[in-house]
Structures are given as C-alpha cells and as structure tokens.
Amino acid sequence: MNDIRAESQAFRARQMAETENARQLAALHLACGIDLTTALSADPEPRLRLIIRLERAIERERLKGMRRHWTYDLNRHIALKQVLDRLRDTGLPPRMVASPAPCRTQKRRRRPKAPPKLY
C-alpha cells in the first residue's frame with residue numbers, strides 16, 4: 001500500500017514540476033521572446049545579459065501592477081520571477097551574478113483641486 005502512495009506522490013510532484021515549467025516557458029516567451037531551454041543552456045556571458053533583460057521585464061510588470069494597468073497579470077509576474085531565480089541558480093560565477101535592481105518608489109502626483117463651483 002505504501003508503494004502506491006509513494007508512486008502517487010511522485011506522480012503529483014512530476015505533474016506540478018511540468019506545469020510550473022510550462023508556465024515559466026510561456027511567460028518568458030510571451031514577455032521577453034526568450035526560449036527557456038536556450039537560456040538555461042547558455043554560456044555565462046549571454047546568460048548574464050538574459051538575466052539583466054529579465055530583471056527589466058519584471059520591473060515593467062511591477063510598474064504595471066502598481067499602476068493597476070489592465071494588462072498586468074500576477075501569474076506572469078510570478079512566473080518571470082521563478083525563471084529569474086532558475087537562471088541565477090544554474091551556476092554563474094559569483095562575480096557575474098547580476099545584483100537585483102533597487103526598488104524605486106514613485107511619488108504620486110496629486111490632482112489639482114478644481115475651483116469651487118459658483119451657483
């Protein structure tokens with residue numbers, strides 16, 4: 001009975017990994033036009049350029065979310081972040097890993113007050 005449970009858990013884990021990989025593949029291709037398998041097998045120099053490009057795409061997604069833009073998708077944002085983590089963990093030398101971009105907060109512009117209505 002334990003054999004069946006172990007196989008079932010292994011199957012579920014495989015399915016979850018495949019689903020996550022497919023989500024990341026689609027998000028990366030749609031947002032940046034980058035093929036995930038090519039990016040994972042790239043040399044350190046091109047991979048660093050891809051990481052920088054991906055950081056910029058994540059920053060654009062974050063700005064869309066902050067502005068409540070209608071094209072913002074939280075799932076795409078999460079998938080791009082997961083891909084970035086995967087690319088960083090694939091063995092770049094420590095001196096070549098791009099540092100995360102500093103988070104910038106934008107000041108909101110206040111709307112000018114309308115003049116009082118005269119009746």
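Where is the place of arginine 68? In this predicted model, arginine 68 is found in the loop between α3 (44-66) and α4 (74-88). Its phi is near 55 degrees, a positive value in a residue other than glycine. Most residues other than glycine have a negative phi. Arginine 68 has a relative accessibility of 75% and therefore counts as exposed, the cut-off being over 50%.

The secondary structure of the protein consists of four helices and zero strands, and the order from the N terminus is α-α-α-α. The protein has 119 residues, of which 25% count as buried. The exposed surface comes to about 9,900 Å², with 55% of it supplied by carbon and sulfur atoms. When contacts between residues at least 6 apart in sequence are considered, 65% of them join residues at least 24 apart.

Helix α1 (2-32) contains 31 residues and reaches 44 Å from its first C-alpha to its last, close to the 45 Å expected at 1.5 Å a residue. Its buried residues are Gln24, Ala27, Leu28 and Cys32. The cover over these buried residues includes α2, α3 and α4. After α1 comes glycine 33, which has a positive phi, near 75 degrees.

Helix α3 has 23 residues, which should span 33 Å at 1.5 Å a residue; the end C-alpha atoms of α3 are 33 Å apart, in agreement with that value. The buried residues of α3 include the hydrophobic-named positions Leu48, Leu50, Ile51, Leu54, Ala57, Ile58 and Leu63. Arg47, Glu55, Glu59, Glu61 and Arg62 are also among the buried residues of α3. Cover for the buried part of α3 comes from elements including α1, α2 and α4. The residue with positive phi that follows α3 is arginine 68.

Arginine 62 is located in helix α3. With a relative accessibility of 19%, arginine 62 counts as buried, because the cut-off is under 20%. The side chain of arginine 62 is joined to that of glutamate 59 by a polar contact of 2.9 Å. Glutamate 59 is itself listed among the buried residues of α3.

Helix α4 is made up of 15 residues and reaches 21 Å between its first and last C-alpha atoms, close to the 21 Å expected at 1.5 Å a residue. Residues His77, Ala79, Leu80, Val83, Leu84, Leu87 and Arg88 of α4 are buried. An α-helix has 3.6 residues a turn, so residues three or four places apart point the same way. The elements covering the buried residues of α4 include α1, α2 (36-40) and α3.

The start of α4 involves aspartate 73, a residue in the loop between α3 and α4. A side-chain oxygen of aspartate 73 reaches to within 3.3 Å of the backbone nitrogen of asparagine 75. At 32% relative accessibility, aspartate 73 counts as partly exposed, since this value lies between the cut-offs of 20% and 50%. Aspartate 73 is twelve residues from glutamate 61 in sequence, and their C-alpha atoms are 7.9 Å apart in space. Glutamate 61 belongs to the buried set of α3.

Two helix pairs were examined for packing. The axes of α1 and α3 are 11 Å apart, and these helices pack at an angle of about 85 degrees. α1 and α3 are therefore roughly perpendicular to each other, as angles of 65 to 115 degrees are classed in this way. In this pair, Leu28, Ala31 and Cys32 of α1 meet Arg53, Leu54, Ala57 and Arg60 of α3. Leu28 and Cys32 are among the buried residues of α1, and Leu54 and Ala57 are among those of α3.

In the second pair, α1 and α4 pack with their axes 8 Å apart and at an angle of about 100 degrees. This angle makes α1 roughly perpendicular to α4. On the α1 side, the residues that meet α4 are Glu20, Asn21, Arg23, Gln24, Ala27, Leu28 and Ala31. On the α4 side, the residues met are Arg76, Ala79, Leu80, Gln82, Val83 and Arg86. Ala79, Leu80 and Val83 are among the buried residues of α4, while Gln24, Ala27 and Leu28 are among those of α1. Leu28 and Ala31 of α1 meet residues in α3 and also take part in the contacts with α4.

Methods
Residues numbered from 1 in each chain as written. Predicted model: local features only at pLDDT ≥ 70, side-chain atom pairs only at ≥ 80, totals over all residues. Heavy atoms only, no water. Buried < 20%, exposed > 50% of the residue type's maximum accessible area, 1.4 Å probe, protein only. Contact = heavy atoms within 4.5 Å. Areas by Shrake-Rupley, 256 points an atom, 1.4 Å probe, with all protein chains shown as cover. Expected span 1.5 Å × (residues − 1). Polar contact = N/O pair within 3.5 Å; in protein donor to acceptor, adjacent residues only side chain to side chain. Axes fitted to C-alpha atoms, helices over the stretch in contact; angles between N-to-C directions. Parallel < 35°, antiparallel > 145°, perpendicular 65-115°, else oblique.
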